[in-house]
Amino acid sequence: MNWPEWWDWELEITPHVEKRMIQRSFTEIELREMLDRAKTLHPDKEIGRYVVVSTLHSTNWEIILEPDFDEKLIVVVTAYPIEG
């Protein structure tokens, strides 16, 4: 897959994601590992955001990212397991 120019920028982990990490039992290291082995990337329904599909512990996950072009950061909006 051809990854976008911003793919290698630093991540910004928001307080919202930190809360979800606790609720959904994953760590920042696991989040970074999921991004390293991302299967697909496509635009989200919300303009300017992207959906990454990856796996964690044999479960498919979606990670919502929003590149910040001014700061050259990737803001991690949320991450959740895909049900079903």
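Accessible areas here come from the Shrake-Rupley method with a 1.4 Å probe. Keep that in mind for the surface figures in these legends, which all describe a predicted model.

**View 1. The whole chain, with its surface and its charges.** The accessible surface of the chain adds up to about 5,400 Å², and carbon and sulfur atoms own 48% of that. On the charge side, there are 9 positive and 17 negative charges, and their mean positions sit 7 Å apart. If you want a box around the C-alpha atoms, roughly 30 × 30 × 25 Å along the principal axes will do.

**View 2. How the chain is put together.** Count 2 helices and 5 strands. Starting at the N terminus, the order reads β-α-α-β-β-β-β. Is the chain's radius of gyration what you'd expect of a compact globule? For 84 residues such a globule would come out near 12 Å, and the chain has 12 Å, so the two agree. Of the 84 residues, 40% are buried. Take the contacts between residues at least 6 apart in sequence: 41% of them link residues at least 24 apart.

**View 3. Helix H2 and its buried side.** H2 covers residues 28-36, and its buried residues are Glu30, Leu31, Met34 and Leu35. Why do these four count as being on the same side of H2? They span an arc of only 140° around the axis, which puts them there. As a reminder, an α-helix has 3.6 residues a turn, so residues three or four places apart point the same way. Over on the face turned away from the buried side, you'll find the exposed residues Ile29 and Asp36.

**View 4. What H2 packs against.** Which elements meet the buried residues of H2? One partner is the other helix in view, H1 (15-23). The rest are strands: S1 (10-13), S3 (50-56), S4 (59-68) and S5 (73-81).

**View 5. Phenylalanine 69, out in a loop.** This residue belongs to the loop between S4 and S5. Buried or exposed, or something in between? Phenylalanine 69 has a relative accessible area of 47%, so it is partly exposed; the cut-offs are under 20% for buried and over 50% for exposed. Leaving out residues up to four places away in sequence, phenylalanine 69 touches Trp6 and Trp9. For a distance to check in your viewer, try isoleucine 13: its C-alpha atom lies 16 Å from that of phenylalanine 69, with the two residues 56 apart along the chain.

Methods:
Residues are numbered from 1 along each chain as its sequence is written. This is a predicted model: local features need pLDDT of at least 70, side-chain atom pairs count only at pLDDT 80 or more; totals for chains, interfaces and linings use all residues. Side-chain values use heavy atoms; hydrogens and water are left out. The radius of gyration is taken over C-alpha atoms; the globule rule is 2.2 Å times the number of residues to the power 0.38. Buried means under 20% relative accessible area, exposed over 50%, partly exposed in between (1.4 Å probe, protein chains only). Contact means heavy atoms within 4.5 Å. Lys and Arg count as positive and Asp and Glu as negative; His and the chain ends are not counted. The place of a charge is taken as NZ of Lys, CZ of Arg, CG of Asp or CD of Glu. The arc is that of the directions from the helix axis to the C-beta atoms.
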